[in-house]
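User: I should like to go through the reasoning behind some structural labels. Please set each value against its criterion.

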Amino acid sequence: MQQAVSKMHAYIEENREMYKQLFYQLLSCDTVNPPGNEEELAKLITECLAKKGAETELQYVEPGRPNAIARLHFGRGGKKLLWNAHMDVVPPGEQVNWQTEPFSPVEKEGKIFARGAADDKGGLMAMLIACLVLQEMQPPINGTIELCGVMGEETGGMGTTYWVKQGGRADAAIVGEPSKMELVVAHRGAYRPIFGFKGRTAHSSEPDFGENAIYSAARFACRIAEMNESFKTYSHPLTGSPTIAATVFHGGVKNNVIPDYAEVSIDRRLSPGETFAEAENELLAVLQDMRKKGEIGEYELVRYLNNKGAALVDKNEKIVTDLQAILCEHGLDAEQKGMRATTDMYLLQDAGIPTIIFAPGDMALAHCPNEFIPFQEILDAAKIYVELAIRFLQ
């Protein structure tokens with residue numbers, strides 16, 4: 001089997017220029033979300049693999065917005081391994097902050113610059129290469145690999161949620177979010193409530209005749225900053241301290257009117273093991289205390305915005321130990337790490353699928369101008385995906 005692995009590794013290097021041009025095609029697809037527009041990229045992925053004989057499907061979540069699915073079957077029966085990476089990207093921001101065109105990839109000193117290069121088309125490309133090579137060379141393994149290029153990850157994990165609801169299952173999964181080629185077994189969650197504060201209008205020339213809702217909201221925002229400082233006193237061994245921040249503030253209707261309503265959006269990052277209910281009760285206790293002390297008036301929990309759970313996979317799962325063994329053999333860092341960002345990993349874990357994160361690229365570059373990824377990292381990740389598939393399905 002090692003001879004087969006070596007041949008596939010060599011095949012990847014021999015075809016690096018072909019894969020680079022294909023990566024440029026992925027990056028040139030403008031999949032900014034919103035609105036998403038993932039269909040062109042989804043068709044590119046599925047057509048590439050269909051030509052090699054893979055079973056493919058465009059799984060439409062919304063009109064014009066499918067998941068790109070390809071299934072590679074080896075032998076009979078066996079286990080199923082899911083590779084999950086997202087096709088959508090965040091907006092590039094102001095062009096003045098970019099040294100290149102965000103959707104016209106450019107290579108400089110071995111690094112490919114473009115929006116989505118690291119988050120998440122680098123991981124998606126590495127998985128695509130691995131699928132193309134495995135389908136081409138047909139190693140003697142038994143089982144199924146399912147590649148799922150998902151839509152809508154940047155706005156709440158819509159694609160992965162839909163895949164799970166449609167009955168998607170696997171014996172293990174890899175999420176291709178940028179991890180610097182490190183094994184990630186945990187990530188933080190996000191509880192994101194919006195609180196409304198009520199007051200009473202008055203003419204701004206007589207502010208004492210009213211009750212200023214902005215002041216209540218501002219006092220609450222200051223308490224949030226104090227809470228964040230208190231969180232620094234304890235830490236999860238993999239993901240560090242939880243955090244909390246006031247992120248959006250709305251209030252007032254006119255310059256000469258005392259505002260009777262204001263809203264504050266909160267982003268509370270959860271450590272593995274923390275729940276939405278615990279985070280909510282913690283905030284409600286703060287609000288009740290402030291109301292009792294007369295620091296705020298009436299308040300309400302308005303709605304939630306993209307709550308996402310934390311995730312942690314058992315360290316003894318086969319997908320974990322298999323990847324650790326491979327990383328050790330290649331002289332790479334095999335320590336189990338945590339990620340402070342939030343990914344679709346929790347959706348797969350909640351569905352009972354043991355899931356890890358492993359991919360090329362650096363999450364620190366995600367959502368930033370001049371995003372890039374070293375192209376060699378993509379090839380190296382593809383080699384590891386191939387090796388992991390063979391080991392897991394052997």
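User: In which helix does Ser 216 lie?

Analyst: In this predicted model, Ser 216 lies in helix α6, which spans residues 213–231.

User: Why does Ser 216 count as buried?

Analyst: The relative accessibility of Ser 216 is 4%. Buried means under 20%, so Ser 216 counts as buried. Leaving aside neighbours within four places in sequence, Ser 216 is in contact with Phe 197, Glu 295, Ile 296 and Gly 297.

User: What makes strand β10 largely enclosed by the rest of the structure?

Analyst: Strand β10 covers residues 193–198, and 5 of its 6 residues are buried; it is therefore largely enclosed.

User: How do you know that β10 pairs with β12, and what joins β10 to β13?

Analyst: Pairing requires at least two bridges between the strands. β10 and β12 (residues 261–270) have 5 bridges, in the antiparallel sense; Phe 195 has Val 264 as its bridge partner in β12. Another 5 bridges join β10 to β13 (residues 299–304), and these strands also run antiparallel. There, Pro 193 is partnered by Tyr 304 of β13.

User: Why is α3 called roughly parallel to α4?

Analyst: The axes of α3 (residues 39–51) and α4 (residues 121–137) come within 10 Å and cross at roughly 20°. Angles under 35 degrees count as roughly parallel, which makes α3 roughly parallel to α4. The crossing is right-handed.

User: Which residues of α3 and α4 meet?

Analyst: Leu 41, Ile 45, Cys 48 and Leu 49 of α3 meet Lys 121, Leu 124, Leu 128, Cys 131 and Leu 132 of α4. By class, this contact has 8 nonpolar, no polar and 1 charged residues.

Definitions and conventions
Residues are numbered from 1 along each chain as its sequence is written. This is a predicted model: local features need pLDDT of at least 70, side-chain atom pairs count only at pLDDT 80 or more; totals for chains, interfaces and linings use all residues. Side-chain values use heavy atoms; hydrogens and water are left out. Axes are lines fitted to C-alpha atoms, for helices over the stretch in contact, and angles run from 0 to 180 degrees between N-to-C directions. Helices (H or I, at least four residues) and strands (E, at least two) are DSSP runs, numbered from the N terminus. Angles under 35 degrees count as roughly parallel, over 145 as roughly antiparallel, 65 to 115 as roughly perpendicular and the rest as oblique. A crossing is left-handed if the near helix is turned anticlockwise from the far one by less than a right angle, and right-handed if clockwise. Contact means heavy atoms within 4.5 Å. Ala, Val, Leu, Ile, Met, Phe, Trp, Tyr, Cys and Pro count as nonpolar, Asp, Glu, Lys and Arg as charged, and the others, Gly among them, as polar. Buried means under 20% relative accessible area, exposed over 50%, partly exposed in between (1.4 Å probe, protein chains only).
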